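Trainee: Could we go through this structure together? I should like to begin with the cysteines and then move on to the core and the charged residues.

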Amino acid sequence: IGLRVKVYKNGFDNPFPGGFEFNRRLDYMKDLLVTKKTNQAPYIFHMFWTESKVYKKKFFQQMGEWRVREGFENGTCGGLGCCLLKPNITCHFRDLPSVIPCTDSPPLDSDDSEDSVDSFWE
C-alpha cells in the first residue's frame, strides 16, 4: 500500500508534546513556557497522560492554552461563541508548568508541608 508510520520521539523536536512532557519533563516545559528555547512551538498539546478532564482544563488554563469561555460546560454558549481570542490564564498549582508564575497557588498534591513544595518557576 505504501503507507509508512512516523513516530515522534519525546523531547524538544516533537511538534506534538503531551502529558508526558507536562508531568515528567519540567526542563522541556520551562523551555517551552518560560525561556522559549524550544526549536518550534507545538502544533498541538495533548494531555493524554492526565485522567480527569477537570485536571486537563486546569492544566491548559495554567499553561495559557485554554481558549474557551466559562459556561461551555453548562451550555450557556455555543459554537464559535464559546471561543476566546486570548487564553483564559488561571493559576491552580505552583508546582506544575505555567505560563505565568503561580507561586501563591497550592501544590497539586504533597505529603509534606505545602511550604516545602517548590514553585515550577524556582
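Mentor: One definition comes before the cysteines: buried means under 20% relative accessible area, exposed means over 50%, and partly exposed lies in between (1.4 Å probe, protein chains only). This is a predicted model, in which local features need pLDDT of at least 70 and side-chain atom pairs count only at pLDDT 80 or more, while totals for chains, interfaces and linings use all residues. Residues are numbered from 1 along each chain as its sequence is written, and side-chain values use heavy atoms, with hydrogens and water left out.

Trainee: How many disulfides does a search of the whole structure find?

Mentor: The search finds two, where a disulfide is a pair of cysteine sulfur atoms within 2.5 Å. Cysteine 77 is joined to cysteine 82, with the sulfur atoms 2.2 Å apart. Cysteine 91 is joined to cysteine 102, at 2.1 Å from S to S.

Trainee: What is the pattern of the disulfides along the chain?

Mentor: With bonded cysteines counted along the chain, the pattern is 1-2, 3-4. Cysteine 83 takes part in no disulfide; its nearest cysteine sulfur belongs to cysteine 82 and is 6.8 Å away.

Trainee: Is cysteine 83 buried or exposed, or in between?

Mentor: Cysteine 83 counts as partly exposed because its relative accessibility is 40%.

Trainee: Why is the disulfide of cysteine 77 and cysteine 82 right-handed or left-handed?

Mentor: The torsion about its S-S bond is about 115°, so this disulfide is right-handed. Cysteine 77 counts as buried at 19% relative accessibility, and cysteine 82 is buried at 4%.

Trainee: And what of the link between cysteine 91 and cysteine 102?

Mentor: That link is left-handed, with -75° about the S-S bond. Cysteine 91 and cysteine 102 both lie in the segment after helix 3 (53-63), so the pair ties together parts that are 11 residues apart in sequence. Helices are DSSP runs of H or I with at least four residues, numbered from the N terminus. Cysteine 91 is partly exposed at 27% relative accessibility, whereas cysteine 102 is buried at 2%.

Trainee: Changing topic, where does aspartate 95 lie?

Mentor: Aspartate 95 is in the segment after helix 3. Aspartate 95 is buried yet has no salt bridge, a salt bridge being a side-chain nitrogen of Lys or Arg within 4 Å of a carboxyl oxygen of Asp or Glu. The nearest side chain of opposite charge is that of arginine 94, 6.3 Å away. For charge, Lys and Arg count as positive and Asp and Glu as negative, and His and the chain ends are not counted.

Trainee: What does the side chain of aspartate 95 reach?

Mentor: The side chain reaches the backbone nitrogen of leucine 108 at 2.9 Å. Residues that aspartate 95 touches include Pro106, Val117 and Phe120, leaving aside residues up to four places away in sequence. Contact here means heavy atoms within 4.5 Å.

Trainee: Which residues have the most contacts inside the largest nonpolar core?

Mentor: They are Phe22, Met29, Phe45, Met47 and Met63, in a core of 14 residues. A nonpolar core is a set of buried Ala, Val, Leu, Ile, Met, Phe, Trp, Tyr and Cys residues joined through side-chain atoms within 4.5 Å. Helix 2 (26-35) and helix 3 are the elements that give two or more residues to this core, and helix 2 gives the most, with four.

Trainee: Which residues of helix 2 are buried?

Mentor: Tyr28, Met29, Asp31, Leu32 and Leu33 are buried in helix 2. The buried residues of this helix pack against helix 1 (19-24) and helix 3. Just after helix 2, lysine 36 has a positive phi of about 55°.

Trainee: Finally, how many salt bridges does the structure hold?

Mentor: There are three salt bridges. Arginine 25 pairs with aspartate 27, the closest N and O atoms being 3.2 Å apart. Lysine 57 meets glutamate 70 at 3.6 Å, N to O. This second pair links distant parts of the chain, with lysine 57 in helix 3 and glutamate 70 in the segment after helix 3, 13 residues apart. Arginine 67 pairs with glutamate 65, with 3.1 Å between the closest N and O atoms.

Trainee: Is arginine 67 buried or partly exposed?

Mentor: Arginine 67 is partly exposed, at 36% relative accessible area, and glutamate 65 is also partly exposed, at 42%. Lysine 57, by contrast, is buried at 18%.

Methods:
A polar contact is a pair of N or O atoms within 3.5 Å; within protein, one must be able to donate a hydrogen and the other to accept it, and residues adjacent in sequence count only if both atoms are side-chain atoms.
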